[in-house]
Amino acid sequence: MANHHIPYALLHGMNVPTSFINQEGSAFDFGELEEAIVLQGAKANLLTGRTAATLEMFPSWPMRYQQTPGSSKSGGESTDSGSALNTISSKTENQFEPDFPISKKASSSYHQAFDQQNLQLQQQQQQEMASDPSRTGTSLNQSAPIVKPLQEKKRASTSEKQLDAKTLRRLAQNKEAAKKSRLRKKAYVQQLESSRIKLTQLEQELQRARSQGLLLGSSGGGVGNISSGAVICDMEYARWLEDDERHMSELRTGLHSNLSDTDLRLMVNTYLSHYDEIFRLKGMAAKFDVFHLLTGMWTSPAERCFLWMGGFRPSELIKILISQLDPLTEQQLMGICSLQHSSQQAEEALSQGLEQLQQSLIDTVAGGPAIDGMQQMAIALSKLANLEGFVRQADNLRQQTLHQLPRILTVRQAARCFLVIGEYYGRLRALSSLWASRPRGRLMSDEQPCQTTTELQMVQPSQSHFSHF
Amino acid sequence: MHYQGDYYWGYYMPTRSIGSDPMERVVKLASEKAVVIFSLSSCCMCHAVKRLFCGMGVNPTVYELDQDPRGKDLETALMRLLGNSQPLPVVFIGGKLIGAMDRVMASHINGTLVPLLKEAGALWL
């Protein structure tokens, strides 16, 4: 046992450079082993190249080679070596663990590679030993033992010894790896916890900033409190606008490529369904945040300016279309004008209904000294609930108007209509962007908040919260 | 506009003597005049629908159910008829049920409302 600090080579009279001799501690075995293997010859190159690297990474390897030479001679003594290995293993394991950067998987694969290589070497050595009895028994015995410990482990008479050493090695590695894994997990969990706390803090900050009107964001000047319903509405609308672009280009190519009427009708119907989709979205948005729709915060500023009941005014749209649809038959012209007229009447009725609602609300909120505050608010709230109904009816009117167009016009004309509408609102959106980014003069300081708002809006993707419906 | 509700408070109460079943009353009232609107005086959408017909030059007959002592029953009957928890306003033309505001507007846009009105004699020209 005491011998295990003395290099094998020296013990057995091999010619070894003194520089390799006895660097105490775990490291010394690398160089020694390497040297010894080189001296052996066969497959040494193969081993050296690889094992040098692997060995350097695994301080635990040397333990194996601290066995006494005597252990190679008899099965009985291998027990000792086994137990020696045991103690050494446990010692070094504790020693090396903290410095070990290699993951369990890597280490085991390295070990496997080393095992395989050693197996090959051992087999070859066995053959050499067997086939060349003329060789000095001692020298062979001397050289062989270098890898003998490993070889011996595999060929030990009792499989238990073999298992012991191997199992011990595996156990040691597993223990190491498990500990590292636990440490990593702990670090990860800690990171998660701190991230969670940070996230909560950020949310609180954001909420505070919003309530103070510091963040203008997409809700326009003044107090920027955007509800989640509004956010979703804007997001869905942006997506709808992307679809709109697609549909429009399809229509354009369809019209220019002179598609058959049947195909064109299919396109027109698809476009109508596309419109139905936005009205459906608006219907849902009205439930969550009717003010977002009514104030036009989901649209571009230019559209917002001329908004009627949360969207476009159908009669205005028809007026635009009449001017764009040149050759109209008498019947078609009558149909379109009649449509415009009906739409105007319906718009008027709804506007008057909304006016009455407003008046009623004013009366409630203005109230009088005799009215109980809580009750007043309750009544006002129930009146506000009617707003959703008006927005829904307005959208219904818009939807009906659009659906009526293909009934009055030919397919080509209807397709042209939809193109005209899409392009018109696209231009309005572009106008809003241009207006916002126009060079400004001395008045800049006065207009700062509004500009920041619009600029913020412009900075966001151009399709967000721009509408034409 | 004729507000039939007044009749219930006055001397002349012809409708009271007729069957107490609310649905029967609804049908009867609806068929008496060319354009019949069941409404609530406080409701703004009801106001809108009234304005629509007036704007078209039609003279609808309006029953304000919140001012009718048996209005609640009529409202319930209409709820069952429409399958809707908020049945008012509801419009009948020529005794036929047209529906609520959305149906009225849809029929106006698609051009079916005016012919119906002319047929019922509520519109000339």
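In the predicted model, A:Gly367 adopts a positive phi of about 55 degrees at a position just after H13(A). The helix that precedes this glycine, H13(A), comprises 37 residues and spans 53 Å from its first C-alpha to its last, close to the 54 Å expected at 1.5 Å a residue. H13(A) belongs to a chain with 17 helices and zero strands. Of the 469 residues in chain A, 43% are buried. Where contacts in chain A link residues at least 6 apart in sequence, 74% of them join residues at least 24 apart.

Positive phi values also occur in chain A at residues other than glycine. A:Asn258, which is not a glycine, has a positive phi of about 55 degrees, and this asparagine is placed in the loop between helix H8 (228-256) and H9 of chain A. A:Asn258 counts as exposed because its relative accessibility is 59%, the cut-off for exposure being over 50%. A:Met309, likewise not a glycine, has a positive phi of about 45 degrees. The loop that holds A:Met309 runs between helix H11 (301-305) and helix H12 (314-324) of chain A. With a relative accessible area of 8%, A:Met309 is buried, since burial is assigned under 20%.

A contact between distant parts of the sequence is found at A:Leu255, a residue of helix H8 of chain A. A:Leu255 counts as buried because its relative accessibility is 12%. Apart from neighbours within four places in sequence, the contacts of A:Leu255 are A:Leu264, A:Arg412, A:Ala415, A:Arg416 and A:Leu419. A:Leu255 and A:Leu419 are 164 residues apart along the chain, yet a distance of 9.8 Å separates their C-alpha atoms.

Packing between the two chains was examined for one pair of helices. Two packed helices are described by the angle between their axes and the distance between the axes. For H15(A) and H3(B), the angle is about 35 degrees and the axes lie 10 Å apart. The contact brings A:Gly389, A:Phe390 and A:Gln393 of H15(A) against B:Cys44, B:Met45 and B:Ala48 of H3(B). By class, the residues of this contact comprise four nonpolar and two polar, with no charged residue.

The largest pocket encloses about 1,000 Å³ of space. Its lining consists of 32 residues, and those closest to the centre are A:Asn386, A:Gly389, B:Met45, B:Gln86 and B:Leu88. Two or more lining residues are given by each of helix H9 (261-288), helix H13 (330-366), helix H14 (373-384) and helix H15 (386-408) in chain A, and by helix H3 (44-55) and helix H5 (101-109) in chain B. H15(A) supplies the largest share of the lining, with nine residues. The lining is made up of 14 nonpolar, twelve polar and six charged residues. A:Gly389 and B:Met45, which are among the residues closest to the pocket centre, also take part in the contact of H15(A) with H3(B).

B:Leu88, another of the residues closest to the centre of the pocket, precedes a cis peptide bond. The bond from B:Leu88 to B:Pro89 has omega near 5 degrees. B:Pro89 itself is located in the loop between helix H4 (71-82) and strand E4 (90-93) of chain B.

Definitions and conventions: Residues numbered from 1 in each chain as written. Chains lettered and ligands numbered in written order. Predicted model: local features only at pLDDT ≥ 70, side-chain atom pairs only at ≥ 80, totals over all residues. Heavy atoms only, no water. 1 Å grid on protein atoms, 1.4 Å probe; cavity = no way out; pocket = protein on both sides within 12 Å on 5 of 7 lines; lining within 4 Å. Points joined across faces, edges and corners; volume = space filled by probe spheres on them. Helix = DSSP H or I, 4+ residues; strand = E, 2+ residues; numbered from the N terminus. Nonpolar A, V, L, I, M, F, W, Y, C, P; charged D, E, K, R; others polar. Axes fitted to C-alpha atoms, helices over the stretch in contact; angles between N-to-C directions. Contact = heavy atoms within 4.5 Å. Expected span 1.5 Å × (residues − 1). Buried < 20%, exposed > 50% of the residue type's maximum accessible area, 1.4 Å probe, protein only.
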